[in-house]
Amino acid sequence: MISRKMQSYVAGSSAIRAMFEEGRRMAAVYGPDKVYDFSLGNPNVPAPDAVREAIVGIVTQEDPVLVHGYMNNSGYEDVRERLAGELNRRYGTDYRAEHLMMTVGAAGGLNVILKTILDPGDEVITVTPYFGEYRSYVSNYDGVLVEAAADPVTFFPDPEDLGRKLNPRTKALILNSPNNPTGVVYPEPVLRAVAERLEAAERAFGHPIYLISDEPYREIVYDGAQVPWLPLLYRDTIVGTSYSKSLSLPGERIGYLVIPPDLADAEEVTAAANVAGRILGFVNAPSLMQRVVARCCGEKADVAFYDRNRKLLCDALAADGFTFVKPEGAFYLWIQSPTADERTFVKDAKEEERILLVQGRSFGCSGWVRLAYCVSHETVQNALPGFERLAKKYELSR
Ligand code: PLP
């Protein structure tokens, strides 16, 4: 018999995964080239050659006992020193190895930090729409996820609404930019306004409110968009990232947390995060992959591949009359549903055109759908006539 808590997680388990499974089933029936699966953020761009070269170099040149062994729970010191140096070069910071903790992807990092800071009943705010897994991550540590509104047109956080949601029980705010599911990159003035609200709340309530910046898409931006380094705007920021998207290594489960030295209670948080990682059973991030990412500093997956899909989709869907947010980052398109209940549109797209999308309510925002364009260019091209027919069916005006 499974636990009551797990029963509720299973019941609410991700519609994204369910759609992905449906895509596989449909591909077996109709043929993979006749199903246009835009449901999952699984990169279709291969990892850069440097990753393979690094793996070969490590397993042939480095000491296998060291490469495959346990190490400090935070990860190999030389790896963290190397990554800290890269951050310092890019953002003018002064991080050292001890300010980084290697994690089991971005998800592992989020879980470590939430376990580290949450007491039962503590509130964690996030901005809608948001990565649906935050719900289960926060409730797993008996926290309460509180939804703050985004601007309904830009989908940037709304500092006014954030101000209303902050209260003495608030422990953290999770921000995600470039954003899944909107593709929006939060601009610096908006983030400064958010930081002001958080600072005022810290003063008013007399305890730290941590800003957890979940940024696995930092390296995937278009048209020169800038992603501000949040610890420079708000002192109590913890950054969590991964190489799942930037190096196309989602299955390898490698990422890191930055716990800056001037963060409130930084040493205590770092020490507790190490213990949290052990309790969660991660113990340490995958050892081989730690060494790989250190060797691949500065490398990234082919963003031009995604950009080609982005441009084609934006042009075609605009011509069809769809309303959507033009993405500046990540590989998602956030499309307004032509029906008030977006589940009807998702169903029609699937059943009539074999186009798989994800309902906005999975991200806490009904009336919209998410399209993940980290697929082959041909899949995008071949899906366009289906979108055109859907636009006609719903009488969207050009
Ligand atoms: N955060 C966001 C916003 C994501 O979209 C994802 C994955 O899609 C994650 C975290 C988890 O990333 P990882 O696979 O590195 O754990």
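P129 sits in the loop that runs between strand 3 and helix 7, and in this predicted model the bond that joins T128 to P129 is a cis peptide, with omega at about -10°. A second cis bond turns up further along the chain, between N180 and P181, and here omega is about 25°. P181 belongs to the loop between strand 5 and helix 9 (188-205). One more backbone oddity is found at R253, which has a positive phi of about 55° even though it is not a glycine. R253 is placed in the loop between strand 7 (237-242) and strand 8.

Some of these residues come back when the ligand is considered. N180, the residue ahead of the cis bond to P181, has a side-chain N or O atom 2.8 Å from an oxygen atom of the ligand. R253, with its positive phi, is listed with D214, Y217, S242 and S244 as the residues that come nearest to the ligand, out of the 14 around it. For Y217, an N or O atom in the side chain lies 2.7 Å from a ligand oxygen. A107 goes about things through its backbone instead: one of its backbone N or O atoms is 2.8 Å from an oxygen atom of the ligand. As for cover, the ligand taken alone would expose 390 Å², and the protein buries 91% of that.

The make-up of the shell around the ligand is mixed, with 6 nonpolar, 5 polar and 3 charged residues. Helix 6 (residues 105-117) supplies the largest share of this shell, namely 3 residues.

Turning to the sheets, 7 strands make up an open one with mixed pairing, and their order is 2-8-7-6-5-3-4. Strand 2 (100-103) and strand 4 (144-148) are the edges of this sheet, each of them pairing on one side only. On average, and with direction ignored, neighbouring strands here are turned by 20° against each other. Within the sheet, strand 3 (residues 123-127) runs parallel to strand 5 (residues 170-175), and the two pair over 4 bridges. In this pairing T126 stands opposite I174 of strand 5.

Helices pack on this sheet too. Helix 5 (residues 77-91) touches strand 2 and strand 8 (255-258), and its direction makes about 115° with that of strand 2. Helix 7 (residues 133-140) touches strand 3, strand 4, strand 5 and strand 6 (210-214), with a direction at about 140° to that of strand 4. Helix 7 is also the helix that follows on from the loop holding P129, with strand 3 at the loop's other end.

Another open sheet has 4 strands in the order 9-10-13-12, and the pairing in this one is antiparallel. Its edges are strand 9 (324-325) and strand 12 (358-359), each with a partner on one side only. Strand 10 (residues 332-336) and strand 13 (residues 368-372) pair in the antiparallel sense over 5 bridges. Across that pairing, W334 stands opposite R370 in strand 13.

Conventions: Residues numbered from 1 in each chain as written. Predicted model: local features only at pLDDT ≥ 70, side-chain atom pairs only at ≥ 80, totals over all residues. Heavy atoms only, no water. Near = heavy atom within 4 Å. Polar contact = N/O pair within 3.5 Å; in protein donor to acceptor, adjacent residues only side chain to side chain. Areas by Shrake-Rupley, 256 points an atom, 1.4 Å probe, with all protein chains shown as cover. Nonpolar A, V, L, I, M, F, W, Y, C, P; charged D, E, K, R; others polar. Pairing = 2+ DSSP bridges. Axes fitted to C-alpha atoms, helices over the stretch in contact; angles between N-to-C directions. Contact = heavy atoms within 4.5 Å.
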